[in-house]
Amino acid sequence: QVQLVESGGGLVQAGGSLRLSCAAYVRTFSEYVMGWFRQAPGKERELVARITSGGSTNYADSVKGRFTGSRDNAKNMVYLQMDNLNPEDTAVYYCAAASYYTPHNFDYWGQGTQVTVSS
């Protein structure tokens with residue numbers, strides 16, 4: 001089992017920055033692919049950033065060049081640095097984990113943290 005706890009959401013003006021953190025409570029954190037998802041009201045959940053166990057990243061086109069995902073395997077932590085935020089980034093952001101053996105199946109989810117960007 002994997003328990004994930006996000007933090008760092010809040011209210012920010014357009015053009016500002018936020019850093020989300022996710023603490024993973026699992027013994028073998030380095031074996032998991034981590035993802036950051038978001039869901040805005042009335043919209044489908046979308047994958048924002050995917051971070052492999054080795055730290056390689058993939059991003060949604062909508063956030064490329066503005067968001068940076070990273071992880072610290074020694075601390076069981078994953079991060080999402082969000083810069084140049086705009087109102088379209090307003091959503092609940094979720095941290096998720098996928099087993100190394102099924103790296104595209106995100107089976108474990110945090111409770112989510114609200115990010116609101118004002119214009």
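These legends accompany several close-up views of one predicted protein model.

Residues are numbered from 1 along each chain as its sequence is written, and side-chain values use heavy atoms, with hydrogens and water left out. Because the model is predicted, local features need pLDDT of at least 70 and side-chain atom pairs count only at pLDDT 80 or more, while totals for chains, interfaces and linings use all residues.

**View 1. The whole chain, to get our bearings.** The protein chain has 11 strands and 0 helices; here strands (E, at least two residues) and helices (H or I, at least four residues) are DSSP runs, numbered from the N terminus. The C-alpha trace spans about 40 × 25 × 25 Å along its principal axes. With a radius of gyration of 13 Å, close to the 14 Å that the globule rule gives for 119 residues, the chain is as compact as a globular protein of that length. That radius is taken over C-alpha atoms, and the rule is 2.2 Å times the number of residues to the power 0.38. Of the 119 residues, 44% are buried, where buried means under 20% relative accessible area, exposed means over 50%, and partly exposed lies in between (1.4 Å probe, protein chains only). Among contacts (heavy atoms within 4.5 Å) with a separation of 6 or more, 56% are between residues 24 or more positions apart. The chain exposes about 6300 Å², and carbon and sulfur atoms supply 45% of this area, computed by the Shrake-Rupley method with a 1.4 Å probe.

**View 2. R38, a buried arginine and its polar partners.** Look for R38 in strand β4 (residues 32–39). R38 has a relative accessible area of 6%, so it counts as buried. Its side chain makes a polar contact of 2.6 Å with the side chain of E46 and another, of 2.9 Å, with the side chain of Y93. A polar contact is a pair of N or O atoms within 3.5 Å; within protein, one must be able to donate a hydrogen and the other to accept it, and residues adjacent in sequence count only if both atoms are side-chain atoms. Leaving aside neighbours within four places in sequence, R38 also touches other residues, including E44, R45, V48, S62, F67, E88 and D89.

**View 3. Y93 and the largest nonpolar core.** Follow R38 to Y93 and you arrive at the largest nonpolar core, where Y93 is among the residues that touch the most other members, along with L4, M34, W36, F67, L80 and M82. This core has 29 residues, and β3 (18–25), β4, β5 (46–51), β8 (77–82), β9 (91–99) and β11 (113–118) each supply at least two of them. A nonpolar core is a set of buried Ala, Val, Leu, Ile, Met, Phe, Trp, Tyr and Cys residues joined through side-chain atoms within 4.5 Å. Beyond its neighbours within four places in sequence, Y93 is in contact with residues including E6, L20, F37, F67, L80, M82 and V115. A second, separate core of 5 residues includes F37, A96, A98 and F106.

**View 4. β3 between two antiparallel partners.** Strand β3 is mostly covered, with 6 of its 8 residues buried. Strand β1 (residues 3–7) runs antiparallel to β3 and is joined to it by 5 bridges; two strands pair if DSSP finds at least two bridges between them. S7 has S21 of β3 as its bridge partner. β3 also runs antiparallel to β8, through 6 bridges, one of which can be found at A23 and M77. β8 is mostly covered too, with 5 of its 6 residues buried.

**View 5. The hairpin of β7 and β8.** These two strands pair in the antiparallel sense over 6 bridges, and R71 is matched with V78 in β8. Strand β7 (residues 67–72) has a covered face of F67, G69 and R71, and an uncovered face of T68, S70 and D72. The hairpin has 4 residues between the strands, and N76 takes a positive phi near 55°. N76 is buried, with a relative accessible area of 19%.

**View 6. N84, another asparagine with a positive phi.** Most residues other than glycine have a negative phi. N84, in the loop between β8 and β9, has a positive phi of about 50°. Its relative accessibility is 48%, so N84 counts as partly exposed.
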